[in-house]
Amino acid sequence: MDKGSLNKKEPIKKKDLMKIKEAIWQNKRVMDSLKLVGKQVAMTLVAVLIVMIFLAASGFSPDAVLIGLNRAITKDIAGSVRWAAPLMLAGVAVCIPFKAAVFNLGVDGQIYMGAIAASTVMLALPEELGKWGLLAAFLAAMVGGALFALIAAAMKVYFNTDMIVSTLLLNFVAKLFTEYIAADALRDADAAIQMNASKMFPESMWLPRLAYFAPSSANVGIYIAIAITLITAFIFYKTTLGYEIKLVGTNPNFARYGGMNANRVILKTMALSGAVAGLIGVIEVSAVQHRLLAGFNPSFGFDGIVVSLLANNNPFGVIFTSLFFGILKNGGSNMERLTEVPQVITQITMAIIIITVSSNIVVRKIKLRRRMKKDGSGSAV
Amino acid sequence: MDLDLLFNASVISSAVRIATPLLLAALGCILCEKAGITNLAIEGFMLMGSFISIAYITKSDGSVLIALLAAMLGTMIYSGLFGLVVIKFQANHVVASIAMNLLSVGLTTFLLQAMLGAQGMIRPANIQKIPNMELDFLENIPFIGSVLHNQSFIVPLAIFMAIALHFVIKKTVYGMNVVSLGESEGAARSAGISVKKVQWSVILLSGLFSGLAGAYLSSVILSEFSMNMVQGRGFTAYTAVIFGNTNAILVWLVTLLFGWAEAIGVQLELAGIGVPSSILKMFPYVLAIIVLIISSVNTKRRKERKK
């Protein structure tokens, strides 16, 4: 069909419509992604179903899940938005190195380090700076997260250490360091009740919350998260770095043959991932807690793995899956409030989603392998 | 700082006590690693084991011995889920491990609330502990005395199992099968080894060992269960396996090193030298990271020499 026929606003003939339909059906990429979306949705539903059966088996009413989810998308949608922002950023932080076949399980540690850097900056700068202080805190958080991520990356590049173990161990170091900073170094000595928290940040530096969703703590972070996700998509699909990431992730031998430096890609992706993780830290402390609280992070990093996995490491997908998990997480806490079922069911659901979805990935791989055999080429991964 | 503070009898004794669950979990992990399965799920298995044993004690007459057996059996069955996902559905090992760890935290917290009616932690009052070994004649021997005297019988059992595993891997047909599977799956298959059977066996055994490790942690050392109580010990055990180059005896020594790091943290905190406790608690993890770097440099050099 040429463009002219559309501009003239001629009624689309039935024949043309059939042609378009046929073209869509024949387009492998569209069909593959549609199939993938269908499968991920189906697997998620299977996981939710398993959890409901599990609830019924342990003597709870299984429709508690639906009651919680219902409230999370109607009355309490603000809470879902509040959770979606950090989950979206966590999903992005996981998917950048994942795409290059690098496992970053240390997102949690990078979140802590970002929060520490941001808190230190906000408490050190004079109150009059206002939003400039907040901007400085954002930069500090990104640098903090990136530097912490680079420790693991450098260990991999220079000593060839196992990245999975090193990032996991660094998480514990970061968590304990946050405890030290919050409870010792930046401790609020004047507080009536002593807890593991720093002084409050000056109010002029708080990240604004969304007035529309008041009084919940849903905040501007959701806009930042969407922007970062779109920037990541741009990097993935429109830049040289994105091409390098993709190639190193799918075919490292070819990447080396093409003169790419895999080590440099590891360092770059980890630094980017750490910077995004740092953003979660600064958003959480500056918009939600307004101070550095030792246990502010309910392991967003691991949730990010689920978000990214369900989105098949696609940034556009991350937007949707993080919204879904935001609803799920918020649905969990609503469920606990409305019914007798404890909130921890959310975590079980997430775990089962990982299990069903990661089992699913293999089916695709087998199919790809079959297709590769048919084509007789090895590049179709 | 005088050296006595770092190497006195009580530090070594508690180092051995802390190292034992690490060693037990590491034993299963060694088998998996030899068979080419990256098993980080031992973290979750340990948590499940520690929950099952405390749950059994709370619900029954409180015998720790049967609780240990129940934990081993229960965790073995639970590890079957990991086997199903990894072997049958061929999921990525690391992703499946993360799912299992998440599931274990969620499941134990949920069951703690739903089955035992407790929030966050439980300390069964009816626990009937197995008395520690009183080996007075060993007391005066410097190292062995503090290793074995006044410890649970599981400590020598774990050491014995480490030695036994070393021989099983080196000398038996089963051990050879496991090793050859890890080296090359194709070769193992053409040699007539049933790949799936071996994979299932190592995963179930790792569940068994981790179950015992967790049960030892909860019902022998602490006599309580609290939410997420394993706190990365499974990951530390995995690090020990990597550093020990999957050699059971070496792995035992590495776990002792980690146990020592945690023990002197406690010792220094008690001595009150003014370092905040969160900084002291970092020491085992930092040590594990340093150890990881050293071991990777070593393997890298070895590979380069081979070339």
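Author: A salt bridge here is a side-chain nitrogen of Lys or Arg within 4 Å of a carboxyl oxygen of Asp or Glu. This is a predicted model, where local features need pLDDT of at least 70, side-chain atom pairs count only at pLDDT 80 or more, and totals for chains, interfaces and linings use all residues. Residues are numbered from 1 along each chain as its sequence is written, chains are lettered from A and ligands numbered from 1 in the order in which they are written, and side-chain values use heavy atoms, with hydrogens and water left out.

Reader: How many salt bridges does a search of the whole structure find over all chains?

Author: Side chains of opposite charge can pair when their charged atoms come close. The search covers the whole structure, and its total over all chains is five.

Reader: How far apart in sequence are Asp303(A) and Lys329(A)?

Author: These two form a salt bridge, with the closest N and O atoms 2.9 Å apart. Asp303(A) counts as buried (under 20% relative accessible area; exposed is over 50%, partly exposed in between; 1.4 Å probe, protein chains only), because its relative accessibility is 3%. Lys329(A) counts as buried at 13%. Asp303(A) sits in helix 13 and Lys329(A) in helix 14 of chain A (helices are DSSP runs of H or I, at least four residues; strands are runs of E, at least two; both numbered from the N terminus), so the pair links distant parts of the chain, separated by 26 residues.

Reader: Glu224(B) pairs with Arg123(B); is Arg123(B) buried or exposed?

Author: The closest N and O atoms of this salt bridge are 2.6 Å apart. Glu224(B) is buried, at 17% relative accessible area. Arg123(B) has 51% relative accessibility, so it counts as exposed.

Reader: Which residue caps the N-terminal end of helix 14 of chain A?

Author: Helix 14 covers residues 315–338 of chain A. A side-chain oxygen of the capping residue lies 2.8 Å from the backbone nitrogen of Phe316(A). The cap is Asn314(A).

Reader: What span should helix 12 of chain B have?

Author: The expected span is 1.5 Å times one less than the number of residues. Helix 12 of chain B has 24 residues, 248–271. Its end C-alpha atoms are 34 Å apart, which agrees with the expected 34 Å.

Reader: How many residues of chain B are in contact with chain A?

Author: Contact means heavy atoms within 4.5 Å. On the other side, 44 residues of chain A take part; on the side of chain B the number is 40.

Reader: How much area do chain A and chain B bury between them?

Author: Buried area is the accessible area (1.4 Å probe) that two parts lose on being put together, summed over both. Carbon and sulfur atoms hold 84% of it. In chain A, Leu169(A), Phe172(A) and Leu176(A) lose the most, together 16% of what that side buries. The total is about 3,700 Å².

Reader: What is the count of salt bridges between chain A and chain B?

Author: The side of chain A that touches chain B has 33 nonpolar, seven polar and four charged residues (Ala, Val, Leu, Ile, Met, Phe, Trp, Tyr, Cys and Pro count as nonpolar, Asp, Glu, Lys and Arg as charged, the others, Gly among them, as polar). Between chain A and chain B, the salt-bridge count is zero.

Reader: Which helix of chain A gives the most to the side that touches chain B?

Author: Helices 3, 7, 8, 13 and 15 of chain A each supply at least two residues to that side. The top contributor gives 13 residues, and it is helix 8.

Technical notes: A polar contact is a pair of N or O atoms within 3.5 Å; within protein, one must be able to donate a hydrogen and the other to accept it, and residues adjacent in sequence count only if both atoms are side-chain atoms.
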